[in-house]
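Please open the model in your viewer and keep the sequence panel beside it, since each stop on this tour begins with a selection.

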Amino acid sequence: MSEKKDEYLRKPEWLKIKLNTNENYTGLKKMMREKSLHTVCEEAKCPNIHECWAVRRTATFMILGSVCTRACRFCAVKTGLPTELDWEEPERVADSVALMNLKHVVITVVARDDLKDGGSAVLAETIRAIRRKSPFTSVEVLPSDMGGVYENLKTVMDAKPDILNHNIETVERLTPRVRARATYARSLEFLKRAKEMQPEIPTKSSLMIGLGETKEEIIQTMDDLRANDIDIMTIGQYLQPSKKHIKVVKYYHPDEFNELREIAMSKGFSHCEAGPMVRSSYHADEQVNAAAKQRQKMGEVNLKEA
């Protein structure tokens, strides 16, 4: 019995979470249920839900249902046969964004490999609905690779999100073991195509560490992302959602995350958020501001050179 318990690494002190269930938290949860909305904060068991909901009053909406067609070994979102499309969902999401008076909103989607368009039409309509009802709210979207069908990506990019986020998740060597159906090369190509379609829209990707990757592989992933013109990177500690999911191999110390952030910034990313609790949407409002400042700075440089 003791040998079996030893297979699971004990969480270090810096991974303890402070719970906060104030009125912001309970009110936001009540509103989500009343409007039949899902959040990746809840479905993916994000460790930052109390900070984001109770303190920052931000949330990441998850549309196209709560059931994913893929079964990635790191992810807590339910897998199975999804429900039919809900074409009223974009308006409900937009109403909630307006009610919460959000400055920045993240819209993510479950992988819908059962749909020819990968759910791109509903995602694009959600962006447009938010624009109509909250014109000063910046919108970040986090789609799957949509099967590598770039017409679907174009549908999303034509709706002009403020940030296109697609997660590389792990290093190239570990991708086949960690992700379902997705490939490392296709994720890079997806991000590259997004930038080609709308060069002015920042692209973003996230990396989980603690799955057995080496430091050299992490740095290579940074280089691969920059080679495809990705602007923003987030790096966070992988946490095992349940015993059936892939195990944690290493817990990185906060100092190691600080070092990785410095390396990433030296590679030319406009912003890098790195830390044990960092997730793709963590402090996303700050990231969009950093990207905007970087674009303004680059524009000023280009004007001087001209």
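**First stop: Tyr251**

Select Tyr251 in this predicted model and display what surrounds it: leaving aside its neighbours within four places in sequence, Tyr251 is in contact with Leu9, Arg10, Lys11, Pro12, Trp14, Leu15, Gln237, Tyr238 and Leu239. If you trace the backbone on either side, you will find that Tyr251 sits in the loop between β9 (232-237) and α11 (254-266). Is Tyr251 buried or exposed? Its relative accessible area is 16%, and because the cut-off for buried is under 20%, Tyr251 counts as buried. Now add Leu15, one of the residues in contact with Tyr251; the two lie 236 residues apart along the chain, yet their C-alpha atoms are separated by 9.2 Å.

**Second stop: helix α9**

Move next to residues 184-197, which form helix α9; this helix has 14 residues and reaches 20 Å from its first C-alpha to its last, close to the 20 Å expected at 1.5 Å a residue. Within α9, colour the buried residues, which are Tyr184, Ser187, Leu188, Phe190, Leu191, Ala194 and Lys195. They cover an arc of only 155 degrees around the axis, which puts them on the same side of α9. An α-helix has 3.6 residues a turn, so residues three or four places apart point the same way. Turn the view to the face of α9 that points away from the buried side, and you will meet the exposed residues Ala185 and Glu196. To see what covers the buried residues of α9, show α7 (150-158), β7 (163-165), α8 (175-178), β8 (203-209) and α10 (215-227), against which they pack.

**Third stop: helix α6**

Select residues 120-133 for helix α6, whose 14 residues should span 20 Å at 1.5 Å a residue, and whose end C-alpha atoms are indeed 20 Å apart. Which residues of α6 are buried? They are Ser120, Val122, Leu123, Ala124, Thr126, Ile127, Ala129 and Ile130. These buried residues pack against β2 (60-63), α5 (89-100), β5 (104-109), β6 (138-142) and α7; helix α7 is also among the elements that the buried residues of α9 pack against.

**Last stop: the whole chain**

Finally, clear the selections and view the chain in full, with its twelve helices and ten strands. Of its 306 residues, 53% count as buried, while the chain exposes about 14,900 Å², of which carbon and sulfur atoms supply 52%. Among contacts between residues at least 6 apart in sequence, 76% join residues at least 24 apart.

Conventions: Residues numbered from 1 in each chain as written. Predicted model: local features only at pLDDT ≥ 70, side-chain atom pairs only at ≥ 80, totals over all residues. Heavy atoms only, no water. Helix = DSSP H or I, 4+ residues; strand = E, 2+ residues; numbered from the N terminus. Buried < 20%, exposed > 50% of the residue type's maximum accessible area, 1.4 Å probe, protein only. Contact = heavy atoms within 4.5 Å. Expected span 1.5 Å × (residues − 1). Arc of directions from axis to C-beta. Areas by Shrake-Rupley, 256 points an atom, 1.4 Å probe, with all protein chains shown as cover.
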